[in-house]
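Work through the exercises below with the sequence and the model open. Try each task before reading its solution.

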Amino acid sequence: MPRPRKREATDEAGENCKYRLILETARELFLQRGFDAASMDTIAREAGVSKATLYVHFASKDDLLIKMVDDACGKLGPQALWRPHDGPIDLEPALRQIARSYTAFFLDNRGLGLHRLIMMNGGRFPRIAETFMRAGPGRCEDEMAVFLETAVARGLLRIPDIRLAAVQFLSLVQGRLQLRWELSLGPPAAAEYEALIEGGVRVFLAAYR
């Protein structure tokens with residue numbers, strides 16, 4: 001359990017620390033007990049803050065869950081797939097690196113509990129599902145689209161629909177990783193993982209180069 005914090009700071013840095021502490025405490029309690037069983041009273045007590053302080057930062061438990069999901073997606077989700085630059089692009093190695101950065105998320109069990117929490121509550125709270133899609137898959141698709149636009153502009157690829165191609169590439173290299181992850185079947189063997197990446201890159205390039 002999170003260790004209660006006895007003293008509340010009053011300056012801006014202290015307020016930010018309390019905000020972060022509440023988010024982390026809520027994440028632990030939501031994952032341990034489930035959203036319904038973790039009350040705002042419990043979250044405030046475990047975080048070592050007053051309920052008044054809790055409601056200064058979060059209007060409701062629903063609001064806290066949405067902000068926690070947004071924050072956790074940034075921390076636990078895939079790292080930036082590609083950052084624009086003016087240097088040359090070695091196409092195949094770049095695609096492999098993007099694929100590995102994206103699929104690393106499905107090889108890390110830290111996000112599994114969060115993913116299940118979102119799946120269990122997304123139907124009841126559509127904003128949670130929207131937040132997850134924007135901060136997770138949506139961000140990755142945006143970054144992949146920027147890479148593909150750059151590759152097309154440099155004459156490396158010929159793609160009529162950039163957004164569709166971005167979704168196709170990420171789906172190709174993901175394969176059944178997400179399903180294995182959700183079913184707690186563990187990561188694939190290294191050879192199977194590499195074959196998935198290589199096969200996805202080859203199929204994609206066959207379609208668009």
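## Exercise 1: Overall layout

Of the 209 residues in the protein, 45% are buried. The model is a predicted one.

**Task.** Describe the fold by its secondary structure, its box and its contacts.

**Solution.**
- Step 1. Count the elements: the protein has 10 helices and zero strands.
- Step 2. Read along the sequence: the pattern is α-α-α-α-α-α-α-α-α-α.
- Step 3. Take the principal axes: the C-alpha atoms fill a box of roughly 60 × 40 × 30 Å.
- Step 4. Take the contacts between residues at least 6 apart in sequence: 73% of them join residues at least 24 apart.

## Exercise 2: Helices α4 and α6

**Task.** At what angle do α4 and α6 pack, and which residues meet?

**Solution.**
- Step 1. Locate the helices: α4 spans residues 61-76 and α6 spans residues 112-121.
- Step 2. Compare the axes: the angle is about 145°, and the axes are 11 Å apart.
- Step 3. Assign the hand: α4 passes α6 in a left-handed crossing.
- Step 4. List the contact residues. From α4 come Leu-65, Met-68, Val-69, Ala-72, Cys-73 and Leu-76. From α6 come Leu-114, Leu-117, Ile-118 and Asn-121.
- Step 5. Sort them by class: nine are nonpolar, one is polar and none is charged.

## Exercise 3: Leu-76 in α4

**Task.** Is Leu-76 buried or exposed, and what does Leu-76 touch?

**Solution.**
- Step 1. Place the residue: Leu-76 lies in helix α4.
- Step 2. Check the accessibility. Leu-76 has a relative accessible area of 16%. The cut-off for buried is under 20%, so Leu-76 is buried.
- Step 3. Leave out residues up to four places away in sequence: Leu-76 touches Phe-105, Arg-110, Gly-111 and Leu-114.
- Step 4. Look further along the chain. Gly-136 is 60 residues from Leu-76, yet their C-alpha atoms are separated by 9.4 Å.

## Exercise 4: Cysteines

**Task.** How many disulfides does the structure hold, and why does Cys-17 count as partly exposed?

**Solution.**
- Step 1. Search for bonded pairs: the structure holds zero disulfides.
- Step 2. Test Cys-73. The nearest cysteine sulfur belongs to Cys-140, 9.9 Å away, and Cys-73 is in no disulfide. A disulfide would need the sulfur atoms within 2.5 Å.
- Step 3. Check the burial of Cys-73: the relative accessible area is 5%, so Cys-73 is buried.
- Step 4. Turn to Cys-17. Cys-17 counts as partly exposed because its relative accessibility is 37%. Partly exposed covers values between the 20% and 50% limits.

## Exercise 5: Helices α7 and α8

**Task.** What is the hand of the α7 and α8 crossing, and how do the contact residues divide by class?

**Solution.**
- Step 1. Compare the axes: α7, residues 126-153, packs with α8 at an angle of about 115°, with the axes 8 Å apart.
- Step 2. Assign the hand: this crossing is right-handed.
- Step 3. Pick out contact residues. The α7 side includes Cys-140, Met-144 and Leu-148. The α8 side includes Ala-166, Phe-169 and Leu-170.
- Step 4. Divide the contact by class: 11 residues are nonpolar, one is polar and four are charged.

## Exercise 6: Aromatic pairs

**Task.** Why is the pair of Phe-169 and Phe-204 edge-to-face?

**Solution.**
- Step 1. Search the whole structure: there are six aromatic pairs.
- Step 2. Take the two rings. Their centres are 5.1 Å apart and their planes meet at 75°, so Phe-169 and Phe-204 are edge-to-face. The cut-off for this class is over 60 degrees.
- Step 3. Place the partners. Phe-169 is in α8, residues 162-174, and Phe-204 is in α10, residues 190-208. They are 35 residues apart, so the pair links distant parts of the chain.
- Step 4. Check burial: both Phe-169 and Phe-204 are buried.
- Step 5. Follow Phe-204 to Tyr-208. This pair is tilted, with 5.0 Å from centre to centre and 55° between the planes.
- Step 6. Place this second pair: Phe-204 and Tyr-208 both lie in α10, four residues apart, about one turn of the helix. Both are buried.
- Step 7. Add the cluster: Phe-30, Phe-35 and Phe-125 form one aromatic cluster.

Terms used. Residues numbered from 1 in each chain as written. Predicted model: local features only at pLDDT ≥ 70, side-chain atom pairs only at ≥ 80, totals over all residues. Heavy atoms only, no water. Axes fitted to C-alpha atoms, helices over the stretch in contact; angles between N-to-C directions. Helix = DSSP H or I, 4+ residues; strand = E, 2+ residues; numbered from the N terminus. Left-handed = near helix turned anticlockwise from the far one by under 90°. Contact = heavy atoms within 4.5 Å. Nonpolar A, V, L, I, M, F, W, Y, C, P; charged D, E, K, R; others polar. Buried < 20%, exposed > 50% of the residue type's maximum accessible area, 1.4 Å probe, protein only. Phe/Tyr/Trp six-rings, centres within 6.5 Å; stacked < 30°, edge-to-face > 60°.
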